[in-house]
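Open the model in your viewer and keep the sequence panel beside it. The stops below can be selected one after another.

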Amino acid sequence: MKNQNNKTILDVQNLHANTQSTEILKGINLTVKPGEIHAIMGLNGSGKSTFAKVLAGHPDYTATQGNIQFEQQDLLALSPEERAQAGIFLAFQYPIEIPGVANSQFLRLAYNTIQSKRGNDELDPLEFDDFVREKMKLLEMNPDFLDRSVNEGFSGGEKKRNEILQMALLEPTLGILDETDSGLDIDALKIVAKGVNHLSNSQNAMILITHYQRLLDHIVPDYVHVMEAGRIVKTGGKELALELEKHGYDWLHDDRHNNVGVSA
Amino acid sequence: MSEPANVDYLSCLFKSLDAKTDDSVNAGTSPENPQSWLKQLRAQAIENAGQLKWPTTKDEEWRFTDISSLAKLPFKPAQPGRIPALSDIQPYLIKEAVNRLVFVDGFFAPELSSIASESQMLIGNLAALATQHASTIMPHLGQHVQHQKNLFAALNTAFLHDGAVIVVPQNNVVDLPVHLLFISTQVETTHYPRCLIVGEANSKTTVIEDYVALQKNAEDAYITNSVAEFKLAANAQIQHVRLQRENQNAFHLANCAVSLDHASRYQAVSVSLGAKISRYNLDVRLEAETAESIIDGLALITDQQLADTHTCIDHLKPNCTSHQKHKCIADGNAHAVFNGKIIVRPHAQKTNSSQSSRNLLLSDKAQIDTKPQLEIFADDVKCAHGATVGQLDKEEIFYLKSRGLSELTARNLLTYAFGAEILDSVPVASLKHTLEQIVLNQTQSC
């Protein structure tokens with residue numbers, strides 16, 4: 001799905017970020033172009049999820065150095081909601097439960113807010129109901145989930161599907177999936193992967209954050225990046241994930257200077 | 001521990017009372033003399049009121065709620081006045097409630113009320129029913145609320161001139177809710193709404209007790225001192241919705257007493273939105289085995305409002321159940337109080353009781369005091385309780401913002417959701433919808 005034009009969706013330069021005065025990200029560089037799927041792998045604590053949260057604007061993290069350009073805008077200057085409106089979407093590792101808010105109400109509010117910011121028409125409840133049910137079919141979700149409170153009592157797999165449903169509704173330019181595969185059984189993983197593949201096109205891009213190769217059997221990345229101690233220490237093609245799966249992350253240390261990959 | 005009662009306030013009230021006892025008990029529907037039993041009840045209450053002290057913050061029961069400002073107000077009992085037009089009360093009407101009793105400043109307004117011809121129950125105003133139905137009403141009126149111990153219940157009973165009466169006969173199921181609408185229109189007066197609801201054996205009914213204000217100016221001050229008594233006979237079921245939407249300068253002092261017989265079930269939701277100072281005492285007595293009470297409450301207040309809810313659920317017999325959920329949302333400089341007492345008497349084995357008090361502070365200046373109070377004297381019981389006071393969860397706010405919602409919208413939605421859980425138990429669809437809209441509007445103005 002690589003797009004050969006020179007347009008860039010995301011350009012991260014030397015990004016450093018702190019939480020509670022501890023530096024977690026120590027100089028990340030990453031360029032993402034339309035049509036690309038990037039996987040970011042790495043051990044727990046390597047900074048993968050922090051990177052995802054910094055991109056989405058989580059208030060607990062502060063960028064201390066470097067910059068992020070998102071479609072020619074200074075991303076770090078935008079609030080989380082402005083980022084979402086501009087086309088960033090983060091599928092949460094642990095989606096939040098919101099008792100008392102019907103999922104349908106939440107989805108429509110998010111959809112209409114973003115549509116109106118992008119200058120598009122909003123949908124009334126009936127129109128939206130048709131629209132969302134169509135999108136739910138893609139993820140094989142039971143329409144009953146519309147009437148339940150947001151994520152409340154959803155299983156791990158249902159929560160993750162609800163995240164991808166939101167991505168399908170909000171049509172981001174850059175979708176960031178933070179360990180969307182964790183806690184999914186193989187059937188749910190296939191459904192989620194099918195949804196992501198369906199949403200991926202030549203105009204948008206995806207960043208998949210994952211521990212495991214198995215997601216990448218179903219969503220084939222153009223690039224695989226390995227993070228360690230707050231940096232991307234290795235970049236390669238999809239075969240890098242297979243190598244990691246075979247040899248484990250320690251293998252990197254033996255092989256650090258043997259760069260097999262393409263620079264992203 | 002109390003200060004002496006405020007002599008000026010009480011003497012002013014009693015002076016007006018003396019003048020009134022010579023009058024007819026009712027406000028115009030019937031010219032006859034007050035029934036002697038009613039007169040006796042009032043005389044007893046007057047005596048009680050004279051012996052009770054004005055509560056101060058030195059009293060444990062009034063620790064968080066200072067009503068000294070109330071004692072300084074020279075509010076006289078309301079007199080019958082202008083009756084609003086039906087169009088004025090239209091916004092408050094509930095479409096499911098074909099039976100409706102409306103009281104204006106404590107006085108029955110037959111022109112605004114509506115009673116279906118086949119209502120399957122005794123329903124009407126006390127003054128009209130007191131003579132003919134004395135044998136039904138007398139055993140209950142003033143017998144459940146503790147006017148011997150509670151000054152405001154005593155005052156309400158002392159000034160008792162009319163009220164709403166509902167008696168659902170044995171084996172009758174009344175599907176549609178009854179709306180008891182208490183409207184205040186006057187300024188700087190006190191009115192004394194009163195309710196008596198009796199569910200006889202195997203009966204079932206739903207009652208909406210609703211306090212609204214129609215003063216021209218929302219700044220107008222007045223006092224509502226209300227008493228409601230519920231009696232549930234064996235296997236009776238009553239659903240009780242209580243809605244307090246007084247204006248922002250009102251004082252609302254309310255007592256509700258509920259007595260439950262064998263296997264009866266009382267399900268209540270109370271919502272407090274209005275009043276400058278409000279105090280709601282709910283006393284539930286589970287007096288026979290396998291009685292059940294389910295009580296939910298929501299106080300949503302802002303600015304300088306104070307809302308105080310004191311509940312006491314008394315398990316007197318074995319195998320009874322009580323569940324309670326109370327939530328407060330306080331913004332601005334508001335102050336919410338919840339005191340939830342649960343008593344399990346020595347013989348009340350196998351009691352199953354739960355209580356949760358969850359509270360949301362929306363501003364740095366708001367204050368919430370919550371006090372679960374368990375007094376358990378039996379050893380084979382299940383009593384769960386929990387209390388939390390917190391702010392909106394920042395992970396939840398971030399989640400909503402990451403979906404494009406503004407900070408304000410995210411906060412409003414979460415605040416609404418917090419309150420909506422309680423509204424979910426309102427058993428009347430249109431009222432539930434109205435309340436959701438009210439809470440939505442209120443949370444959006446925060």
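Start by selecting Cys312(B), which is buried at a relative accessible area of 15% (buried is under 20% relative accessible area, exposed over 50%, partly exposed in between, with a 1.4 Å probe and protein chains only). This is a predicted model, in which local features need pLDDT of at least 70, side-chain atom pairs count only at pLDDT 80 or more, and totals for chains, interfaces and linings use all residues. Residues are numbered from 1 along each chain as its sequence is written, chains are lettered from A and ligands numbered from 1 in the order in which they are written, and side-chain values use heavy atoms, with hydrogens and water left out.

**Cysteines**

Stay on Cys312(B) and add Cys256(B), whose sulfur is the nearest cysteine sulfur, 12 Å away. Cys312(B) is in no disulfide (a pair of cysteine sulfur atoms within 2.5 Å). Next select Cys383(B), which is partly exposed with a relative accessible area of 23%. Its nearest cysteine sulfur belongs to Cys320(B), also at 12 Å, and Cys383(B) is in no disulfide. Over all chains, the structure holds zero disulfides.

**Ser425(B)**

Move to the loop between α9 (407-423) and α10 (429-445) of chain B, where Ser425(B) lies (helices, H or I of at least four residues, and strands, E of at least two, are DSSP runs numbered from the N terminus). Is Ser425(B) buried or exposed? With 17% relative accessibility, Ser425(B) counts as buried. Show the side chains of Ser425(B) and Asp296(B): they make a polar contact of 2.7 Å (a pair of N or O atoms within 3.5 Å; within protein, one must be able to donate a hydrogen and the other to accept it, and residues adjacent in sequence count only if both atoms are side-chain atoms). Leaving aside neighbours within four places in sequence, Ser425(B) is in contact with Gln267(B), Val269(B) and Asp296(B) (contact means heavy atoms within 4.5 Å).

**His191(B)**

Select strand β7 (residues 189-191) of chain B and find His191(B) in it. The residue is buried, with a relative accessible area of 2%. Which side chain joins that of His191(B) in a polar contact of 2.9 Å? The partner is Thr224(B). Not counting residues up to four places away in sequence, His191(B) touches several others, including Asp105(B), Tyr222(B) and Asn225(B).

**Leu112(B)**

Go to the loop between β3 (107-108) and β4 (122-125) of chain B and pick Leu112(B). At 3% relative accessibility, Leu112(B) is buried. Beyond four places in sequence, the residues that Leu112(B) touches include Ile83(B), Pro84(B), Arg100(B) and Val104(B).

**Chain A against chain B**

Now colour the two chains separately and select the contact, which takes 31 residues from chain A and 19 residues from chain B. About 2,000 Å² is buried between chain A and chain B, and carbon and sulfur atoms give 69% of it (buried area is the accessible area, 1.4 Å probe, that two parts lose on being put together, summed over both). In chain A, pick Glu81(A), Phe92(A) and Ile96(A): these lose the most area to chain B, together 24% of what that side buries.

Keep Glu81(A) and add Lys401(B), its salt-bridge partner, with the closest N and O atoms 3.8 Å apart (a salt bridge is a side-chain nitrogen of Lys or Arg within 4 Å of a carboxyl oxygen of Asp or Glu). The count between chain A and chain B is three salt bridges. Finish on the chain A side that touches chain B, where α2 (80-86), β6 (88-91), β7 (98-102), α3 (103-117) and α5 (156-170) of chain A each give two or more residues. Of the elements there, α3(A) gives the most, with six residues.
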